[in-house]
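Visitor: Could you walk me through this structure, one feature at a time?
Guide: Gladly! Have a look first, and then ask away.

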Amino acid sequence: MSSASSCTWQVPAVHGVLTSGEVAATAASIAAMQEASGAVPWTPGDKTDVWNHVEAAMAMLVGGQVEAAERAYAWCARTQRADGSWPMEIVVGEVRDASGETNMSAYLAVGVWHHWLLRRDRAFVDRMWPVVRRGLDFVVGIQLPFGGIAWSQEWDASGPARVNEEALLAGSSSIYQSLRAGVALADLVDDPQPEWELAGGRLGHALRHHRDLFLDKSEFSMDWYYPVLGGAVRGAAAAALLEQGWDTFVVPGLGIKCVSHNPWVTGAETCELVMSLDAIGDHGRAVEQFRAMQHLREEDGRYWTGYVYPDDVFWPVEHTTYTAAAVVLAADELSRTTPASGIMRGDTLGGHFEEIALECGCSRMHV
C-alpha cells in the first residue's frame, strides 16, 4: 500500500469540518480494505461491484493512496467481459451475480477521466481507453426508445441473455455523466464516438422531460438528487428539484435519509447530496450537510454506513468503503483542492449533449 509519497497534489481539507490529515486517513481506510486482487469490496469479505469500486479508486487517488488506486484500475481492466460489462456482484473473486448492470459498466469512464485530471498520465489513459470504450458501447447498445438506459442484462450459461427493459432514474443519471466523461476521453485520444453523443442527447432529454417514464423509485433519496448530481439537470430546474425533496429526505443535523419512510440517515447519500448542492452553487447548504454527517466518523477515518436516529444506533454494523469514498470526493469538491475537484460539477467535461427527442413523442428539443 502506498502513502502520499507519490502524490503530487495537496490532500483536500474542509475548513472547520475535516483536516487534510483526516481526509488522508479516510482514504487509507479504503486502501486497508482492498483485496490482494485489487478489488475494493463494500466491506472486507463482502461484495465488489465495479461502480463502487471505481468510486473507491477515485477517492484513494485524491487521498494519496496512488498505488492502491492503480491496482484498483488494473482490476477493472482484468475483469471486464468481452461484451463490455462486469458481473454485478463479485465476492472475493467469485461471481455471485453475473448480470451486467449498465450504470456500473459505464462509470469507469468517470474514473479514468478523473485519473487523467490528477495524474496527466497519457499511458494510463491509452491503456484504459479500450476498456472504457467497450463499457460504454455495451451501455448505449441497450438504450430504450424513450431515451433511458435499460438497467441490466441478465447472464445465463451461454453468456449475455435477457435485457431488463426498464430504466432506473438514478442509474441513467449517472450514465449521463459517464457518457460526458467518455466523450472527453474520446476527444483526448482522438477516437470520436458520435453514437455516444447521440445517446447522451436522447438520455439528457429523458432525464429533463420524461422522469415519469423511469421505474418509480421515488422513495429513495438517490432518485431525488441524482438528475442533478449526474449533470443532466442544472440551473433553476435543479434548484427546484432539490427544494422539492428537501423536507422529505433531510434530517436536520444528521444528514439525509436513504429511504423516505425509514428513520435512517446514510453517509454516502448525504455526501452525494453535498456534491449536488455544490454543483448548483448552493455551497452553504452543501457544507452544512457535510458537517452534519460527520457523526458517522470513527477516529481512524472509517465511516459507518448509516444511523437509525430513534434508536440512537449505527446500522448496519459496518464501515463501508463507498461511504468513505463519498466523503473524500465531497471534501475535494467543496474545497476545490485537486485538479479533479470538479468531477461532479462537470467543470472539465465541456458542453452538454445536444438534446434529442426521437421516439418519445415529445417535440421539446431545448435544454
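Visitor: How far apart are the end C-alpha atoms of helix α6, residues 122–140?
Guide: Keep in mind that this is a predicted model. Helix α6 has 19 residues, and at 1.5 Å a residue it should span 27 Å. The model agrees with that expectation, because the end C-alpha atoms of α6 are apart by 26 Å.

Visitor: Where in α6 does the kink lie?
Guide: Look for the proline Pro130, since the kink comes shortly before it. The bend is about 40 degrees. Its position is a buried residue of α6, namely Met128.

Visitor: Which residue has a side-chain oxygen that reaches a backbone nitrogen at the start of α6?
Guide: The backbone nitrogen belongs to Ala123. A side-chain oxygen comes to within 3.1 Å of that nitrogen, and the residue providing it is Asp121.

Visitor: Which strands stand at the edges of the open sheet of five strands?
Guide: The strand order is β1-β2-β3-β4-β5, with antiparallel pairing. An edge strand has a single partner, so one of its sides is left without a neighbour in the sheet. That describes β1 (47–48) and β5 (159–167).

Visitor: How many bridges join β4 to β5?
Guide: Strand β4 covers residues 150–156 and runs antiparallel to β5. Across this pair, Ser152 stands opposite Asn164. The number of bridges joining β4 to β5 is five.

Visitor: Which residues lie nearest the centre of the largest pocket?
Guide: This pocket has a volume of about 910 Å³. Its lining comprises 29 residues, and elements giving two or more of them include α2, α4 and α9. Nearest the centre are Trp42, Asn52, Glu101, Met104 and Met222.

Technical notes. Residues are numbered from 1 along each chain as its sequence is written. This is a predicted model: local features need pLDDT of at least 70, side-chain atom pairs count only at pLDDT 80 or more; totals for chains, interfaces and linings use all residues. Side-chain values use heavy atoms; hydrogens and water are left out. Helices (H or I, at least four residues) and strands (E, at least two) are DSSP runs, numbered from the N terminus. The expected span of a helix is 1.5 Å times one less than its number of residues. The bend at a residue is the angle between axes fitted to the seven residues ending there and the seven starting there. Buried means under 20% relative accessible area, exposed over 50%, partly exposed in between (1.4 Å probe, protein chains only). A polar contact is a pair of N or O atoms within 3.5 Å; within protein, one must be able to donate a hydrogen and the other to accept it, and residues adjacent in sequence count only if both atoms are side-chain atoms. Two strands pair if DSSP finds at least two bridges between them. On a 1 Å grid over the protein atoms alone, a cavity is a set of points where a 1.4 Å probe fits but cannot get out, and a pocket is an open set with protein on both sides within 12 Å along at least five of seven lines; lining residues have an atom within 4 Å of a point. Grid points are joined across faces, edges and corners, and a volume is the space filled by probe spheres set on the points.
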